[in-house]
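Reader: I'm in my first year and new to reading structures. Could you take me closely through the second largest cavity, and then show me how its surroundings link to the rest?

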Amino acid sequence: MKKEFRIEKDFLGEKEIEKDAYYGIQTLRASENFDITHTSLSLFPTFIKSIAKVKKACALTNYELGDLTIIQKDAIIQACNEIIDGKYHDQFIVDPIQGGAGTSTNMNANEVIANRALEILGEARSTYEIIHPNNHINMSQSTNDVYPTAIKITLHELIYKLKDSLRYLRDSFDEKAIEFKDVLKMGRTQLQDAVPMTLGQEFKTYAVMVNEDINRLKDCQTLLKEVNLGATAIGTGINTKAKYQRRVISNLREVTGVDYISAGDLIEATQDTGVFVHISGVLKRVAIKISKVCNDLRLLSSGPRAGLNEINLPKMQPGSSIMPGKVNPVIPEVVNQVAFEVIGADTTISIACEGGQLQLNVFEPLVAYKLFTSINIMRRSFHTLADKCIKGITANEDVCMENILNSVTIVTCLNPILGYEKSSALAKEALATNKRIYDIILEQELFTKEELDKLLHPKNMVTNYQG
């Protein structure tokens, strides 16, 4: 079926636009110029909805100030609401990585909203004398305040989802901590035997680590509530009325249900990307800590015959194309790789934020792309880790106990009684003779069997036994 086109013009010339497309000439130019990721803004529906929320708040404000008619306002608000409800996202076709500090994204939204509003009014697309992408949809705005505000709204919402995934992971660790509360095992420092603990204590630690980062993400959400909407080009508020800036923030709160506030200095806020650096750092912190946990899971399950073999991970798939029967810890491995990606993204974000010049940072599209991507892959990986690994872990209790009994480091609890030198001598003899500390102490008649059993009972060591 032959495609039909309409003609749109800008100061660079004319272009044919598919007749039924809601986007216009500036969007088409951007899609032709920036084929970088082979994806589009539709990859990030929360971001598209956030831009529509900003445009809605601006339209309400412009109407209140007498700069839009009620007919224009109603059509624009309806178009924005439809996008917020998930419609027309396929019309957001520009690549998320783009030159121009986000102008292509802003114009993509302006054109889609304008043409949908025209359709609502019964007008043909591109009849911009009635509702214009710049004159009406972008009224009292600049990419430089719309775009970072939409990024912050998006991050605020995405962090809720990330916190939910972390709570789910935390609860999975907590459940295992309860299940393994009586499983005694050897604790290790520097990969060497240390002192006994329970497997439950080990898993409880992971739950606590995760919970700490949930709290750090809450702090990030507070920082994201300060926006520069109303700043327009560089923060001076050019092309806005005196009452616009205060009213648009009030309308943004109403539209989003979040208590956003205006930045104290809009010129500073327009060029400062410090909040994105901070959030990226927190994401890196989360990723590093979860990756460390995955390293532990791989070590604790290593073997099974020639490794630690203290826990069993769920068997998810055959692990080798050449070694029959081999099963690999594929779930922790994939989460490790997600962490590496997030750590790399943090470096990218740091360089992009440092690269800002004077009154604007033109690299915010890359910052947004990396932040959104990091949160999305982390969220999915944490659910994967919980469902396909943590919940199915079982303990090899006999292996754990045998490791304790064979370890020379349980002599540590005798330090207060025998002294460090004597305890070291006992450990040295145990290693040289391949005997258990327990048997050597009885041979040397340092304690009676009853006394020794009381002193070296692993449960007493775990619960801070004082004698």
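Author: The second largest cavity in this predicted model has a volume of about 40 Å³. Start with its walls. Ala 287, Ile 290, Ser 291, Val 335, Val 338, Ala 339, Met 378 and Phe 382 line the second largest cavity. Which elements do they come from? Two or more lining residues come from each of α10, α11 and α12 (364-388). Now sort the lining by class. Seven residues are nonpolar, one is polar and none is charged.

Keep α10 and α11 in mind. Each leads on to a pocket.

Take α11 first. Follow α11 (330-354) to the largest pocket, where it is one of the elements that give two or more residues to the lining. The largest pocket holds about 420 Å³ of space. Its lining counts 22 residues, and the closest to the centre are Ser 301, Pro 304, Val 327, Asn 328 and Pro 329. Besides α11, the strand β7 (311-312) also gives at least two residues. With three residues, α11 gives the most to this lining. The classes here are 11 nonpolar, seven polar and four charged.

Stop at Pro 304. This residue is among those closest to the centre of the largest pocket. Pro 304 sits in the loop between α10 and β7. Look at the bond that leads into it. From Gly 303 to Pro 304 the peptide bond is cis, and its omega is near 5 degrees.

Now take α10. Helix α10 (274-300) supplies at least two residues to the lining of the second largest pocket, as do β3 (184-189), β4 (192-198) and α7. The space in the second largest pocket comes to about 340 Å³. Seventeen residues line it, and nearest its centre lie Arg 188, Glu 202, Lys 292, Asp 296 and Leu 300. The strand β3 gives the most, with five residues. By class, the lining of the second largest pocket has eight nonpolar, four polar and five charged residues.

The second largest pocket brought in α7. Follow that helix next. Helix α7 (residues 199-223) packs against helix α6 (residues 143-179). Two packed helices are described by the angle between their axes and the distance between the axes. For α6 and α7, the angle is about 165 degrees and the axes lie 8 Å apart. Angles over 145 degrees count as roughly antiparallel, so α6 and α7 are roughly antiparallel to each other. Their crossing is left-handed. The residues of this contact comprise 14 nonpolar, four polar and seven charged.

Helix α6 takes us back to cavities. How many cavities of 30 Å³ or more does the structure hold? There are three of them. The largest cavity has a volume of about 60 Å³. Lining it are Pro 148, Lys 152, Asn 228, Ala 269, Thr 270, Asp 272, Phe 276 and Glu 364. Helices α6 and α9 (266-271) each supply at least two of these residues. This lining divides into three nonpolar, two polar and three charged residues. Set that beside the second largest cavity, where no lining residue is charged.

One more link runs from α6. The structure holds nine aromatic pairs. One of them joins Phe 47 and Tyr 147, whose ring centres are 5.7 Å apart. The planes of these two rings stand at 80 degrees, so the pair is edge-to-face. Where do the two residues lie? Phe 47 is in helix α2 (residues 45-64) and Tyr 147 is in helix α6, so the pair ties together parts that are 100 residues apart in sequence.

From α2, move on to helix α8 (residues 244-256). The axes of α2 and α8 come within 8 Å and cross at roughly 130 degrees. The two helices are therefore oblique to each other. Their crossing is right-handed, whereas that of α6 and α7 is left-handed.

Finish with a backbone detail in another loop. Tyr 88 is placed in the loop between α3 (70-84) and α4 (103-120). Its phi is near 65 degrees, a positive value in a residue other than glycine.

Now retrace the route. The second largest cavity takes lining residues from α10, α11 and α12. Helix α11 leads to the largest pocket, and α10 leads to the second largest pocket. From there α7 leads to α6, and α6 leads to the largest cavity.

Terms used: Residues are numbered from 1 along each chain as its sequence is written. This is a predicted model: local features need pLDDT of at least 70, side-chain atom pairs count only at pLDDT 80 or more; totals for chains, interfaces and linings use all residues. Side-chain values use heavy atoms; hydrogens and water are left out. Axes are lines fitted to C-alpha atoms, for helices over the stretch in contact, and angles run from 0 to 180 degrees between N-to-C directions. Helices (H or I, at least four residues) and strands (E, at least two) are DSSP runs, numbered from the N terminus. Angles under 35 degrees count as roughly parallel, over 145 as roughly antiparallel, 65 to 115 as roughly perpendicular and the rest as oblique. A crossing is left-handed if the near helix is turned anticlockwise from the far one by less than a right angle, and right-handed if clockwise. Ala, Val, Leu, Ile, Met, Phe, Trp, Tyr, Cys and Pro count as nonpolar, Asp, Glu, Lys and Arg as charged, and the others, Gly among them, as polar. On a 1 Å grid over the protein atoms alone, a cavity is a set of points where a 1.4 Å probe fits but cannot get out, and a pocket is an open set with protein on both sides within 12 Å along at least five of seven lines; lining residues have an atom within 4 Å of a point. Grid points are joined across faces, edges and corners, and a volume is the space filled by probe spheres set on the points. Rings of Phe, Tyr and Trp (its six-membered ring) pair if their centres lie within 6.5 Å; planes under 30 degrees apart count as stacked, over 60 as edge-to-face and the rest as tilted.
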